[in-house]
Structure formats: C-alpha cells, structure tokens
Amino acid sequence: MASTERHSAVTEMPDELRADVRLLGELLGQVIAEQGGPDLLADVERLRKAVIAARRRETTVDEVAALVNTWPVERAVEIARAFTCYFHLANLAEEHYRIRILRRRDREGAPVSGLRSGATREDTGDEHPNRDAEHRNQRSNMPVPESLAQAVRDLKDDLGQDELNRLIAGLEFRPVLTAHPTEARRRAVVTAIQRVSAQLDAYNTPGRGAAEREEAHRRMLEEIDLLWRTSQLRSTKLDPLDEVRTAMAAFDETLFRAVPHIYRSLDAALEPGTSTRAPRSRAYIRYGSWIGGDRDGNPNVTAKVTREAVLIHAEHVLTALETAATRIARTLTAASAYTPPSEQLQAALAQAEGDFPDLVSEMATRSPQEPHRQWLLFTAARIAATRRRDLDLAYLSPVDLLSDLRLAQDSLRDAGAFRQAYGELQNLIWQVETFGFHLAELEVRQHSQVHAEALAELNSGGRRSERTEEVLATIRTIAWIQERFGVKACSRYVVSFTRSADDVVAVYELAKHALGERAPVLDVVPLFESGADLDNSVAVLTGMMEAEPVRRRLAANGRRIEVMLGYSDSAKELGPAAATMRLYDAQAALTTWATANGVRLTLFHGRGGALGRGGGPANRAVLAQAPGSVAGRFKVTEQGEVIFARYGHQAIARRHIEQVTNAVLLASTSSVESRTAEAAAKFRALAGQVASASEQAYRALTEAPGFPEWFALVSPLEEIGSLRLGSRPARRGLGAPKSLDDLRAIPWVFAWAQTRVNLPGWYGLGSGLSAVLDAGGRAELQSAYKEWPLFASLLDNVEMSLAKTDKAIASRYLALGGRDDFAKQVLEEYDLTRKLVLEITGHTRLLESRRVLSRAVQLRDPYVDALSHLQLRALSALRSEEPLTEHERDRLSTLLLLSVNGVAAGLQNTG
C-alpha cells in the first residue's frame, strides 16, 4: 500500500492525483504495519503485486488464487480490510482531484476545445490543468461546458429573450432521494472518510506553513488509523428512520448551502449585476424523498415511520433556516441614519413590539438604531419558535416567513442598500422557497395489489386485516402532514405495478374510506415498470381521464399529471437494449397523448445508480429523452451510493445540478427536439431490430430452466442480505429465487457486479447488433451512434459496463454454478458484445474517448481483483460440499462480506 506501481493506469494519472494516492497509501501502509505487523503489510503487498502481474499477463489468475489459498482465513480477512480501506482513500483522492479541477475551471474558464453542446468531463481537458498562460487567456471568457452559463449563452442565440424567459419561468428539477440499499458503507465509515478528507484538504491548501502542513499530516494519520479500527460491517440492520437520518447528512452538509449558489449562477448568466438588482432566476429545484414513505415490499415502513420522517425533515430544515437567518441578522449592522427603514418595516417592528414586548425590546437594546438587524433577529426567533412548536410566536407557513423576509428586502432596496437586499438575504429567500418547512416532499409508494386487497376487504364489510388498517392509517398520516406542514410536504402517492386506471382510482376510494370528505389532497402517480405496463401506459392514462377524482384534481392543479417510468424492473425483465427502447417509446407515446389532451405532463424517471438499472451520466440521459418529453421539467430518483457521490460535496453537487439543468434547458428547445426527432425517425426501425434480437437473447438465458438457482450459486446473492444494507428485504419471498420475478432489481444488479460480470448492463446487445450487421446494417448502426443521442447513450453505457467486467475473474465465478452451458453462453455474449460495440463506436479499446473514467477504472481494477480473489475463496468454500464447523463458516462469511463491501467501494456504482 506504500507505493503506486507504474502500470498502465498510473502512467496516465495526473501528478496531483498521484501525489494524493501515494500519500494516503503510505499512511495506510504505516497504520497496517503498526496494527497488524510488518508481515501483514508484506502479505498485502504480495497480493497487490500479484494481481498487477496478472493484469500484465506476467502470471495467471490461477497462481493468484493459489496465493490467496495459502493464508489462514483470519489473515485473508485482514487483507480484505486493507484493500477496502485503500479503496475508500483512493475514492477520496479522486474526489479531491475532481474538486480542484472544478475550481480551476471556475477561475480559468472553459477549454476552447470543449464548447460544443453536450461535451462531457472527458472532453474538456480536465486532466491537463497546467495550460500555458496564452491558452488560459484564450479560454478565460468562455463558459464551462454543461454549465448554466453555457446553456444560457446558447439559448440566447437560439431562442431570443422572450422565449428564454418563458423557458426559465417553467424550469423544474426534482431529484427524489430513495433508500435503496446500494450504499454499502456504514455511516461511521463515511464520517471517518470525511474527517480524512478535511485533513487532506488542509494539507493541500496553498499558502499553508510547514507547521500547519505537519499538523494536517499528523491528523490525517490519526484519522486513517481510526478508519482502520472502525468495523466495515454493520452489526445491526438499518431501520427506515436510520435511513432518513443518513440522508439528512447530505442536506446538512451540502444541499442547503449549495442551492442558492446554483440560482446565483443562473441569475448571473441571465443578466449582469446579480446581487445588485432583483433576481431573474427563480427557485426551480424541489427535492423529494421516498425514505420513510416507500412501503412497497417493505413492511418496516409504517404510518408512524412516515410521520416521524416528516418531523425529522422539519427539524433539520428549520434548524438550518434559523441558523442562516441569525447569521445574516448579526452581520446586517446597517444604521438607520445611513439605511433608513421603510414605513412598512417600521410598522411591522412596532406591531411586533406590541405583541412580544420583552423579545423585541431586548433586540432593540442589543442592536440600537439597526432596524433591519432587529427585524431579521425577530424573524430568526420566530423560526426557532416554529421548530419548538411555540404557537404564539411560530410561523404558520413558509409563505408568512417569505413575506417577512421580503419586507426587509424591499426596505433595504428602497434605502439604496441593493447588495444587502439581494445578497445573502436573497440566498435565504431562495432556500425558503426551495425547502419550505418540510425540506423535501415525502412521497408515499405502495403496490397496486395491496390497494386492491384492502378495497375488497372494506367493500365486503368483513373484518379488516392489519395490512388494510395500515393502508388507511397511511392516508390519515398524509392528511396530518398536510395540516401541519402544507400540501407540498406530502401529496404524491405512487402506485407501483399500475395495470389499469382502476389501480389509480383505488387510492382515491381508500382515501374516502379513511377520512370521508376530509380526505387529503392526493396526486396519484401511476408507475409503469414491466414491458407490458409500459406498452399499456397511454391506455391507463386515457382511462384515468374518465375517472371523476382524477378530473377534479386536474381542474385544481392546472391540468398537471405525473407518470413514473421504472427503469430497474424493465431492464431486469427485458435486458438493457430492449428496455431502453421500450422506455423511449413509452415516453414518446405519453408525450403525444399529453399534447392531444391538453395535459401538462411530468415524466418521473425511476433510474438506479448502476448501468443495469438505468444509471449513467444524468445529463446525457436528459438529452436522449424523446422529443417534447422534457419541456423544461425533469424528475428523477437519486438512489443509494449516488446520493453521496453527487451530493457529498458542495462543488460536486453544484456541478451535477448545473449539468442536469443545462441538459434540461437544451433538450427543451425546438432546435434540439427537431434534431432528435429527425434522428429517431431515421433510426427507430433499426433500433427496433437491435432491441428485438437483444431481448430474445436475454430471455433465452434468464428464462432458461435452472437459471435463477445457478445465479444464486455463482454470486454472493444470498449473503448480500447479511450486509444489512437497508431496511427493505432483498426479495419478495423466502428461500432461493424460483424466478427473476422473486428478486428485486437492486440485489440482481449488485450481485452481478460482485462477480465482475456486470451482466445486467450489457447482456443481449451483442446479439442485437449482430442481427443487424448480418443484414448489412453496419454503416447505418455507425450513423445511428453518431446522430441519435439515445443510441449513443445506450452504447456508451454498455461500453462503460463492459469496461468494469473482467472476463478472467468472471469465469471463476461462473464455474461455481456447475452449469458449463450457462457460463459458455454468458462469456460468448460478452465477447460478441465487446467486439461489436468497439466496431460500431470506432474505438480501439473500451472507454477510449473517456479518459477520466478510463483512468479511474484502470486504477481500481487490480485492487478490485485482489478482493475478488479473496471473495472467490470464501464463496467457493461456502458453496462446496466439504463440511465446515460453525466457526469456519462464520469466518468465511465475514471474509465474504468484507470483500463484498470492498468491491462495492472499488466499483462505486454497484446497485
């Protein structure tokens, strides 16, 4: 761990990143030697060098496996811990490098070569920061690719001011946080890594003295020592409220502070002089959450949990608003002689003093002749009272708070204090508009079958089951949330596996059973997941329009309808290529239907973190949507480890949101829509041939007799449940899966990632491409890749998934199932897919055009190999017929779970 060997990945590594990886690796090596002894460090180094040699073909995977088998299980466990810790630190180093590059580009402007619409991070010269001065001057006035500034610049040229204003006025981005169990790290591990991160940042900060750097170095070593001593595995299963509190870390540390900076960036792009005039940017981001509201298949999420989740949200956002208001108030020391208050503000202060004489008098004594400061302090006190539920002083709603903040803003503006009016105070206004008093809209989800059974019980007049009572209690909880925090806090009710309009109407009927005429406001969202359901989606919406409660809701909300598309289950059922096309066709059909019916449609994309569940670069996904389906609005799930990958640091969160917003704006223009529509019309039939042959190949494997049992043998599927990753069960039934329907999409993808096969991300596409190539369609496929964003996104994502596949190690996993026919089928499809993807894209190697990602994969691959060999040792022993003592089985299980945790850290997007 003490060195960074110069294999192919390291030679491409930028100097700054290499220095951080080396530093962190040396410190970890020191800790390992101190705690485990020099022999442990020597064994770690032996395995590290062996897997690198295997990558260079200087040895074989069989020889590496033989080395791993020489160690006692206890030693193998310690080695697995070492590589897992290394991945946490390598990920940290890469994050720091990315943040430095983002900041550098902010200072220096965009690379000249990266200004085309849709450029990616790999296209923008991130890896070559040491440009000469002349080149920096050339690009200093250029907007960063995929930024808000670039989008606005392009749109001004393309649309004109009036149309741009209309687009900005309707802009919406709605990320929805979910608790799907793909974050394998314990919260204690995450916080330990964050402490290391803080010291690495301090160590690398320019201008630090030698003593300061030495102290940062000492603290870094201390925190890495603690990371090594911290258990990587959870000892207890998470409950839903643990998941809620974990997600709150992203809000506390990043989102609350990042959001106003994003609005400020948009405002500056729209018109010069931000913070000296009324903003042109509006608060367009609205966070949602399923954490504590998603009860589909999770009996641990109850009405009580949903109620508590909202209270946790409120505590965090009100604390943040109170802190921000207090901070602004303390700095707002403008004296009345130089910044006279408006008559309205004076009257409001007088009214406040009459209602709360002691409180306001104390503020006046502490801040004499500073009326704006007094008013903001009074506002902060009222926010605190709202949090404490002191109803005499509390705000009734965020609208009341916004009224008070704008009163101060208007007074400052009228006094000529424009920077005070539209600076930090405007940031606070944006934060209130974004988060309200509820932080994120809590969405409820339940399976349509649960509703049908509950209605049948209620209509029969017989005894109600516990599950039916829970359904009614959930609706009553929604009503309580709306009464306490407003309709925006919780009104969306997602119905999974929606098959007909009756599944939507059932929710409204249940609401009547629960509360009669006092039923809460509900926007029932159909979720289409299977291929058949996607095909049937337009028919369902047509049926919904005939239902009286839906028509009533449409009249009340401006004819807005939301539809959710499930990427995970469709991909698990159909394979990646066929699912991509089925989802695209559903989007196009729904968009046409909405236009014909005068409905304002929002498509809610249920995308996972991994490529096999609709993952991949979010901005590319937006640009690949069906023409007209975006229309300035984008709603998407943010799942598992993706939450911390995208929202774990302010700079990265801001970049991610700017990239998505950039894509949403561009995808909503008539010029982009027409180009996309033209490409779709030209290549849709071709893509249909690919999808059909791909689905046939995928189903031939996954629906073959014995396949589910074989999958359970060749992967750590059964053991993943022991990692206690989340509160939701991994499957819908007990025992080994009888079919893929029994298995949820997340463990399906997670388990395949562990085997280094990554089958859900690519399987079947090779057969699909081959069918077209056999008919002489090579040139047309290559043209589709160049001209149609959807087809390009599909192939690029498959290429990324193939790059994370390792055939040599995958073969060892596949051999565990005792079915040579299945193993041969998988490996042959891998070879075919890899060959044809390279042929169509014109690349000579995987990820050839994506240097940053290629470097990251190559850097990690040898070390993931080490953990895979350790995992294979444990899995082989646990799957063998050799008898094991209870102690042996426990130690092998620990080794297996540690390796699962480490591989997840190495691959990053595993589920």
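Strand E5 (residues 492-496) is mostly covered, with 5 of its 5 residues buried. The model described here is a predicted one, and E5 belongs to an open sheet of 9 strands whose pairing is parallel. The points below begin with that sheet, then turn to the helices and to three individual residues.

**The sheet and its order**

- The 9 strands follow one another in the order E3-E2-E1-E9-E8-E7-E6-E5-E4, and the sheet that they form is open.
- The edges are strand E3 (441-442) and strand E4 (444-447), each of which pairs on one side only.
- At the E3 edge, strand E2 (residues 288-289) pairs with E3 in the parallel sense over 2 bridges, and Ser-289 stands opposite Leu-442 in E3.

**Strand E5 and its two partners**

- The side chains of E5 are divided between two directions, with Arg-492, Val-494 and Ser-496 pointing one way and Tyr-493 and Val-495 the other way, and all of these residues are buried.
- Toward the E4 edge, E4 and E5 pair in the parallel sense over 4 bridges, and Val-495 in E5 is the bridge partner of Gln-446.
- E5 also pairs with E6, again in the parallel sense and over 4 bridges, and here Arg-492 has Asp-523 in E6 as its bridge partner.

**Strand E7 and its two partners**

- Because 6 of the 7 residues of strand E7 (residues 560-566) are buried, this strand is largely enclosed by the rest of the structure.
- Strand E6 (residues 523-528) pairs with E7 in the parallel sense over 2 bridges, while 7 bridges join E7 to strand E8 (residues 600-606), and these two strands also run parallel.
- Leu-565 of E7 takes part on both sides, since Phe-528 stands opposite Leu-565 in E7 and Leu-565 in turn stands opposite His-605 in E8.

**A helix across the sheet**

- Helix H29 (residues 650-667) lies across strand E1 (172-178) and strand E9 (633-639), and the direction of H29 makes an angle of about 145° with E9.

**Helix H2**

- The 22 residues of helix H2 (residues 15-36) should span 32 Å at 1.5 Å a residue, and the end C-alpha atoms of H2 are 31 Å apart, which agrees with that expectation.
- The buried residues of H2 include Leu-17, Arg-18, Asp-20, Val-21, Leu-23 and Leu-24, as well as Gly-25, Leu-27, Leu-28, Gly-29, Val-31 and Ile-32.
- Gly-37 follows H2 and has a positive phi, near 95°.

**Helices H36 and H38**

- The axes of helix H36 (residues 789-803) and helix H38 (residues 820-841) come within 10 Å and cross at roughly 135°, and H36 and H38 are therefore oblique to each other.
- The crossing in which H36 passes H38 is left-handed.
- From H36, Leu-795, Val-798, Glu-799 and Leu-802 meet a set of residues in H38 that consists of Tyr-830, Thr-833, Arg-834, Val-837, Leu-838, Ile-840 and Thr-841.

**Helix H31 and its cover**

- Helix H31 (residues 707-714) has 6 of its 8 residues buried, so H31 is largely enclosed by the rest of the structure.
- The buried residues in H31 are Phe-707, Pro-708, Trp-710, Phe-711, Ala-712 and Val-714.
- The cover over these buried residues includes helix H30 (670-702), helix H32 (717-720), helix H33 (745-754), helix H37 (807-814), H38 and helix H39 (851-879).

**Three individual residues**

- Leu-255 lies in helix H11 (residues 240-270) and is buried, with a relative accessible area of 3%.
- Once neighbours within four places in sequence are left aside, Leu-255 is in contact with Ala-250, Tyr-287, Phe-435 and Tyr-647.
- Leu-255 and Gln-431 are separated by 176 residues in sequence, and their C-alpha atoms are 9.7 Å apart in space.
- Gln-199 has its place in helix H9 (residues 187-204) and counts as buried, because its relative accessibility is 12% and the cut-off for buried is under 20%.
- Not counting residues up to four places away in sequence, Gln-199 touches Ala-216, Arg-219 and Met-220.
- Ala-473, found in helix H20 (residues 466-485), counts as partly exposed at 22% relative accessibility.
- Between Ala-473 and Leu-515 the separation is 42 residues in sequence and 9.9 Å in space, C-alpha to C-alpha.

Technical notes
Residues are numbered from 1 along each chain as its sequence is written. This is a predicted model: local features need pLDDT of at least 70, side-chain atom pairs count only at pLDDT 80 or more; totals for chains, interfaces and linings use all residues. Side-chain values use heavy atoms; hydrogens and water are left out. The expected span of a helix is 1.5 Å times one less than its number of residues. Buried means under 20% relative accessible area, exposed over 50%, partly exposed in between (1.4 Å probe, protein chains only). Two strands pair if DSSP finds at least two bridges between them. Contact means heavy atoms within 4.5 Å. Axes are lines fitted to C-alpha atoms, for helices over the stretch in contact, and angles run from 0 to 180 degrees between N-to-C directions. Angles under 35 degrees count as roughly parallel, over 145 as roughly antiparallel, 65 to 115 as roughly perpendicular and the rest as oblique. A crossing is left-handed if the near helix is turned anticlockwise from the far one by less than a right angle, and right-handed if clockwise.
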